Amino acid sequence: MSIRLVSFENIGITFDQRILLSNIDMTIDEGEIVTLIGPNGSGKSTLIRTLLGLQAPTSGKVIRNKALRIGYMPQKLHIDPTLPLTVRHFLALVRNVNKRDILPTLEKVGVGYLLDSQVHVLSGGETQRVLLARALLSRPNLLVLDEPVQGVDVNGQVALYNLIEDIRNELHCAVLMVSHDLHLVMAKTDTVVCINQHVCCSGTPQQVTGHPAYQALFGIPGAEESIAIYAHQHDHVHDKHGDVLDADTSQDGDHQDHTHCSHH
Ligand SMILES: Nc1ncnc2c1ncn2[C@@H]1O[C@H](COP(=O)(O)OP(=O)(O)OP(=O)(O)O)[C@@H](O)[C@H]1O
């Protein structure tokens, strides 16, 4: 049986009385690839920040295995473009890094040739691979990737997802990633969790793509409009704080979700 690395238990996050996340239950097991999907502003990055300990939940808790080692790849690299910094020196900043690992790790992600390049001249795809190398240098058993294929063309995206799967197979680490590229990522994922402030549906890619909540958010797979639709359409009821209620317990001020409900 696989070892549980992380459990999110009933996570809720509220800012200034605005509910960003509610009742999030989710687990990540050793070696598992979990993909978080959801519309813009649905709380994906907030959930990741909670896992990283950068955001305290308002309610619920995150249970981390004592052996958990996270390698985090952020959405973007924020480095002052006027600052001279080579990839080698950038990666040498990783805490407790063994400098001898830097070149082999860059080679593992296919960009060994960038060792002495300046970080600010890298292409989108090269930047993502260097960030992936940085995440791997902390020898993680959980890789956390926030939109890993951002700024990468379609061929590059397929290559990057293949690489992530190869890394999982080689290192047996779990992967939690945020993605908007549903069609490409589906084949590389064990579990998909679709969130829109709460968990709309979760399961294998096949289970999730067949789920009405997924289809309402992203369209029916294979349909022409399947990527473009981000309107939220399902039939549950929220109270005025955003919590989901049974239809028969709703009161004044609650609202019925409908097409284009953005949960704001
Ligand atoms: N520290 C904060 N204070 C107040 N609101 C916040 C804070 N962090 C995030 N939010 C809000 O929470 C909501 C969810 O943001 P989040 O970045 O988690 O969404 P996301 O699903 O990752 O979106 P995207 O796909 O656009 O990256 C947004 O409306 C955002 O403005």
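In the predicted model, strand 5 (residues 70–73) runs parallel to strand 6, the two being joined over four bridges. Within this pairing, Val 144 of strand 6 is the bridge partner of Tyr 72. Strand 6 also pairs with strand 7 (residues 174–178), again in the parallel sense and over five bridges. Here Leu 145 stands opposite Met 177 of strand 7. The connection from strand 6 to strand 7 passes through helix 5 (residues 154–171), and the resulting β-α-β crossover is right-handed.

Strand 6 (residues 142–146) is largely enclosed by the rest of the structure, because five of its five residues are buried. The side chains are divided between two directions: Leu 142, Val 144 and Asp 146 point one way from the strand, while Leu 143 and Leu 145 point the other way. Burial applies to both groups, Asp 146 included. Two of these buried residues also appear in the pairings described above, Val 144 with Tyr 72 and Leu 145 with Met 177. In the protein as a whole, buried residues account for 37% of the 264 residues.

A separate description applies to an open sheet of three strands, in which the order is 2-1-4 and the pairing is antiparallel. Strand 2 (18–29) and strand 4 (59–64) form the edges, each pairing on one side only. From one strand to the next, the twist averages 15°. Strand 1 (residues 4–15) is linked to strand 4 by five bridges in the antiparallel sense. Across this pairing, Glu 9 stands opposite Lys 61 of strand 4.

Overall, the protein contains eight helices and 12 strands. Of the contacts between residues at least 6 apart in sequence, 63% join residues at least 24 apart.

The protein is divided into two parts, domain 1 (1–69 + 140–223) and domain 2 (80–139). Taken over C-alpha atoms, the centres of domain 1 and domain 2 are separated by 25 Å. Contact between them involves 10 residues of domain 1 and 10 residues of domain 2. On the side of domain 1 that touches domain 2, helix 5 provides the largest share, with three residues. By class, this side of domain 1 consists of seven nonpolar, two polar and one charged residues. Helix 5 thus has two roles in this description: it lies on the path from strand 6 to strand 7, and it contributes to the side of domain 1 that touches domain 2.

Note on methods:
Residues numbered from 1 in each chain as written. Predicted model: local features only at pLDDT ≥ 70, side-chain atom pairs only at ≥ 80, totals over all residues. Pairing = 2+ DSSP bridges. Axes fitted to C-alpha atoms, helices over the stretch in contact; angles between N-to-C directions. Buried ≥ 20, exposed ≤ 12 C-beta atoms within 10 Å, placed from the backbone. Contact = placed C-beta atoms within 7 Å. Right-handed = clockwise from strand over helix to strand, strands pointing away. Domains from an automatic or database assignment. Nonpolar A, V, L, I, M, F, W, Y, C, P; charged D, E, K, R; others polar.
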